[in-house]
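Please walk me through this structure. Start with a helix and the strands it crosses, then move on to the rest.

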Amino acid sequence: GNKPSPNFIRHIVAEDTKTGKWGGRVVTRFPPEPNGYLHIGHAKSICLNFGIAKEYEGGKCHLRFDDTNPTKEDEEYKEAIIEDVKWLGFDWGENLFHASDYFERLYEFAVQLIKSGKAYVCDLSPEEVRQYRGTLTEPGKNSPYRERSVEENLDLFERMRAGEFPDGSRLLRAKIDMASPKLILRDPALYRIRKVRHERTGDKWCIYPMYDFAHCLSDSLERITHSICTLEFEDNRALYDWVLDALEVYHSQQIEFARLNLDFTIMSKRKLLQLVEQKYVSGWDDPRMPTISGLRRRGFTPESIRNFCERIGVGKKDSWIGIDKLENAIREDLNTKTPRVMGILRPLKLVIDNYPDDLVEELEAPYFPDDPPKMGFRKVPFSKELYVEQTDFMEEPFKKFWRLAPGREVRLRWAYFVTCTHVVKDEETGEILEVHCTYDPETKGGDAPDGRKVKGTIHWVSAAHSVPVEVRLYDRLFEVARPGEGGKDFVEDLNANSLETLPESRVERSLGQAKPGERYQFERTGYFCVDTKDSAEDHLVFNRIVTLRDTWAK
Ligand code: ATP
Ligand code: MG
Ligand code: MG
């Protein structure tokens with residue numbers, strides 16, 4: 001189920017609603033920087049912010065593009081973010097905002113701080129600013145520009161805006177405390193000069209607000225109640241609160257939670273971008289990527305991702321989550337939703353010598369054997385020449401291999417018992433070309449009238465009636481649980497075998513018209529999804545979403 005699980009943030013919101021702290025309002029926001037595609041870590045934040053808003057009458061969650069950083073942003077990213085949040089099942093209604101829409105008001109707030117003696121223009125070089133800041137164990141030193149008059153500061157700040165000074169030559173800084181035990185409060189920068197064109201505001205600005213100034217004020221302007229962010233912003237909270245207090249404006253409450261880290265993957269947009277740019281993957285939506293678009297293309301459902309995000313919980317301590325939790329979430333969701341069909345990943349020809357040459361039987365098979373009426377039936381053609389999986393035959397079977405082997409009888413799913421008589425090999429290479437069998441016509445439907453049992457049931461397709469397709473099998477993108485650990489370049493930890501392409505797979509006839517995005521369980525081999533990019537009517541491409549828990553025969 002989709003029931004929200006209790007967590008400390010939900011508890012805070014519930015308490016606030018009870019006490020009427022925010023006048024009964026619940027307004028959260030999800031504030032991505034449009035400098036990359038969203039990943040599964042963002043999904044955690046989306047589910048939390050939009051999820052909480054949904055739980056209260058009149059609750060709202062804003063989608064805010066945090067686009068205060070002018071160089072790295074891109075329209076493509078914004079569109080992708082919008083698509084991904086919608087696909088996850090959330091809706092911001094009218095409440096789509098851009099932090100850059102607040103540039104004029106942020107400027108006015110900065111002027112207000114200068115007028116009240118709480119901000120000053122500083123001419124120290126970036127290197128000097130660093131030196132003056134001090135360390136965790138040593139207090140910093142006041143900037144020689146700290147005592148400038150309000151008039152001088154106003155004049156200089158206006159001229160900064162007018163473009164009179166080069167990049168990096170001056171900063172607007174908050175005047176707080178150079179001896180504060182919190183480094184973030186040692187006169188942090190509020191504005192810097194960057195003569196860079198902004199995607200939305202064009203050349204209007206050459207000074208841009210810093211994150212710590214823009215973010216809290218954006219929250220305040222939008223009258224956000226609970227500003228939920230990840231733990232690395234815990235120290236920033238002191239500055240968040242200082243700015244809002246100094247300006248005596250509406251004061252949203254910042255609450256931090258532990259970010260999602262997933263084993264065998266990476267979450268940093270910068271690193272994901274590197275994988276895309278250096279072509280380690282086919283794009284942001286490569287089905288191996290931990291991006292929402294990658295997971296979607298792989299075949300994940302929005303429900304599975306939402307369930308995963310609920311299940312991992314929301315805490316205050318950083319931790320790593322096993323990727324099996326994500327895989328289980330999708331398995332569980334698809335288990336009840338997907339039709340069962342037969343597909344052969346690596347075909348091996350099977351010939352039934354005593355089956356009539358031209359006979360084709362149309363066998364009835366349920367799409368959902370556990371509850372056949374639920375999804376109905378389809379006809380599966382059966383004939384003398386079939387394909388089975390190469391892995392379902394062993395010439396010299398190991399102990400407990402219950403599938404096909406010389407002299408061995410097995411059940412063909414929905415069809416007959418067959419007994420292997422011999423194999424035909426390529427004379428030169430020794431490769432097995434055909435497995436020959438006889439079938440028992442009395443066992444039609446899969447049971448023997450004399451009550452004899454077989455230990456293995458294998459799947460198959462009719463050679464002449466099946467559809468050739470391409471199948472793509474995915475493995476973890478990285479070989480190690482913590483890519484890049486120990487100072488290594490994370491790229492060195494990539495799994496060279498994360499994609500296996502099978503160009504000669506076969507699926508049963510009923511899948512011939514499968515549409516992009518459709519999901520199926522191929523019996524015994526996993527859940528598959530028709531690729532939305534590379535699949536065509538005459539060349540179907542199936543992505544394996546995830547394996548079944550148990551890929552061995554019953
Ligand atoms: P990156 O470091 O990958 O660039 P970011 O945090 O800078 O990520 P933003 O676009 O600023 O990316 O993120 C938007 C929101 O998503 C923020 O509120 C951030 O806290 C949240 N978020 C980002 N990564 C994670 C994660 N791994 N787990 C939970 N929330 C996350
Ligand atoms: Mg950020
Ligand atoms: Mg970032």
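**A helix, a sheet, a ligand shell and a helix pair**

This is a predicted model. Helix α12, residues 323-335, lies across three strands: β25, β26 (526-530) and β27 (541-546). Against β27, α12 runs at about 115 degrees.

Those strands belong to an open sheet of 7 strands. The order is β12-β25-β26-β27-β23-β24-β13, and the pairing is mixed. Strands β12 (340-341) and β13 (343-344) stand at the edges. Each has a single partner strand, so one side of each is left without a neighbour in the sheet. Strands of a sheet pair through backbone hydrogen bonds, either parallel or antiparallel. For β12 and β25 (residues 519-522), the sense is parallel, over 2 bridges. Here Arg340 stands opposite Gln521 of β25.

Now turn to ligand 1. Around it are 15 residues, and Pro32, Gly41, Ser45, Arg259 and Lys269 come nearest. Two elements give two or more residues to this shell: α2 (40-54) and β8 (226-230). Helix α2 gives the most, with 4 residues. The shell splits by class into 5 nonpolar, 5 polar and 5 charged residues.

Last comes a helix pair. Helix α4 (residues 103-115) packs against helix α7 (residues 211-221) at an angle of about 110 degrees. Their axes are 11 Å apart. Angles of 65 to 115 degrees count as roughly perpendicular, and α4 and α7 are therefore roughly perpendicular to each other. From α4, the contact uses Arg105, Leu106 and Phe109. From α7, it uses Phe213, Ala214, Leu217 and Leu221. By class, the residues of this contact are 6 nonpolar, no polar and 1 charged.

Note on methods. Residues are numbered from 1 along each chain as its sequence is written. Chains are lettered from A and ligands numbered from 1 in the order in which they are written. This is a predicted model: local features need pLDDT of at least 70, side-chain atom pairs count only at pLDDT 80 or more; totals for chains, interfaces and linings use all residues. Two strands pair if DSSP finds at least two bridges between them. Two residues are in contact if their C-beta atoms, placed from the backbone, lie within 7 Å. Axes are lines fitted to C-alpha atoms, for helices over the stretch in contact, and angles run from 0 to 180 degrees between N-to-C directions. A residue is near a molecule or strand if its C-beta atom, placed from the backbone, lies within 6 Å of it. Ala, Val, Leu, Ile, Met, Phe, Trp, Tyr, Cys and Pro count as nonpolar, Asp, Glu, Lys and Arg as charged, and the others, Gly among them, as polar. Angles under 35 degrees count as roughly parallel, over 145 as roughly antiparallel, 65 to 115 as roughly perpendicular and the rest as oblique.
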